[in-house]
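Reader: I am new to this structure and should be grateful for a guided reading of it. May I put some questions to you?

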Amino acid sequence: MRRLILCRLSVHLKEYYDIEWTGDPLADGTTLMHEVEAVLAFKSDAVLDELRCALERLEDGTFGACLCCKQAIDRRLLDADPTRRVCSECEREFAHVLSE
Ligand SMILES: [Zn+2]
């Protein structure tokens, strides 16, 4: 999962800031994070920030747990979107509340 998030970070850096990062995300994630920090120091970028937070959650062990109900989020959902913070049930709940 860490690799997936780091890959997304490098793709995002390339697409939006034309920062070419060719290192191995697994072996050299720290360098990539320095790039990310550097960009974030100058710009606010919600996507970069989300990805960085996801990495932090991965490190402190809270990654993959729903913020609301604390249940594990479906792995397939996380693969599709590693920045996801709530499970599909809570998301439905939210959508319901918001639509009322
Ligand atoms: Zn939930």
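**Questions on the structure**

Author: Lysine 70 is placed in the loop between H3 and H4. The model is a predicted one.

Reader: What is the phi of lysine 70, about which one might ask?

Author: Most residues other than glycine have a negative phi. Lysine 70 is not a glycine, yet its phi is positive, at about 70°.

Reader: Is lysine 70 buried or exposed?

Author: Residues over 50% relative accessible area count as exposed. Lysine 70 has a relative accessible area of 61%, and therefore it is exposed.

Reader: Where is aspartate 18 placed?

Author: Aspartate 18 is another residue to consider, with a positive phi of about 55° although it is not a glycine. Its relative accessible area is 58%, so aspartate 18 is exposed. Its place is in the loop between H1 and H2.

Reader: How many helices and how many strands does the protein have?

Author: From the N terminus on, the elements run α-α-α-α-α. The count is thus five helices and zero strands.

Reader: How are H1 and H2 oriented to each other?

Author: The axes of helix H1 (residues 2-17) and helix H2 (residues 29-42) come within 11 Å. They cross at roughly 45°, and the crossing is left-handed. Angles under 35 degrees would count as roughly parallel, and those of 65 to 115 as roughly perpendicular. H1 and H2 are therefore oblique.

Reader: Which protein donors does the zinc ion have?

Author: Along the chain, the donors follow the spacing C-x2-C-x17-C-x2-C. Each is an SG atom, lying 2.2 to 2.3 Å from the zinc ion. The donors are Cys66, Cys69, Cys87 and Cys90.

Reader: What is the geometry of the site of the zinc ion?

Author: Ideal angles for four tetrahedral donors are 109.5 degrees. The angles among the four donor atoms here are 106 to 115°, and the site is tetrahedral.

Reader: How many residues apart in sequence are the parts that cysteine 69 and cysteine 90 tie together?

Author: Both cysteines are donors of the zinc ion. Cysteine 69 lies in the loop between helix H3 (46-60) and helix H4 (75-80), whereas cysteine 90 lies in helix H5, so the pair ties together parts that are 21 residues apart.

Reader: Is cysteine 90 buried or exposed?

Author: Cysteine 69 is partly exposed, at 32% relative accessible area. The cut-off for a buried residue is under 20%. Cysteine 90 has 14% relative accessibility and therefore counts as buried.

Reader: How many of the 12 residues of H5 are buried?

Author: Helix H5 comprises residues 88-99, and its end C-alpha atoms are 16 Å apart, in agreement with the expected span. H5 lies largely in the open, because the number of its residues that are buried is one.

Technical notes. Residues numbered from 1 in each chain as written. Predicted model: local features only at pLDDT ≥ 70, side-chain atom pairs only at ≥ 80, totals over all residues. Heavy atoms only, no water. Helix = DSSP H or I, 4+ residues; strand = E, 2+ residues; numbered from the N terminus. Expected span 1.5 Å × (residues − 1). Buried < 20%, exposed > 50% of the residue type's maximum accessible area, 1.4 Å probe, protein only. Donors = N, O, S within 2.8 Å, 3.2 Å for Na, K, Ca; no water. Tetrahedral: all angles 85-135°; square planar, octahedral: opposite > 155°, others 65-115°. Axes fitted to C-alpha atoms, helices over the stretch in contact; angles between N-to-C directions. Parallel < 35°, antiparallel > 145°, perpendicular 65-115°, else oblique. Left-handed = near helix turned anticlockwise from the far one by under 90°.
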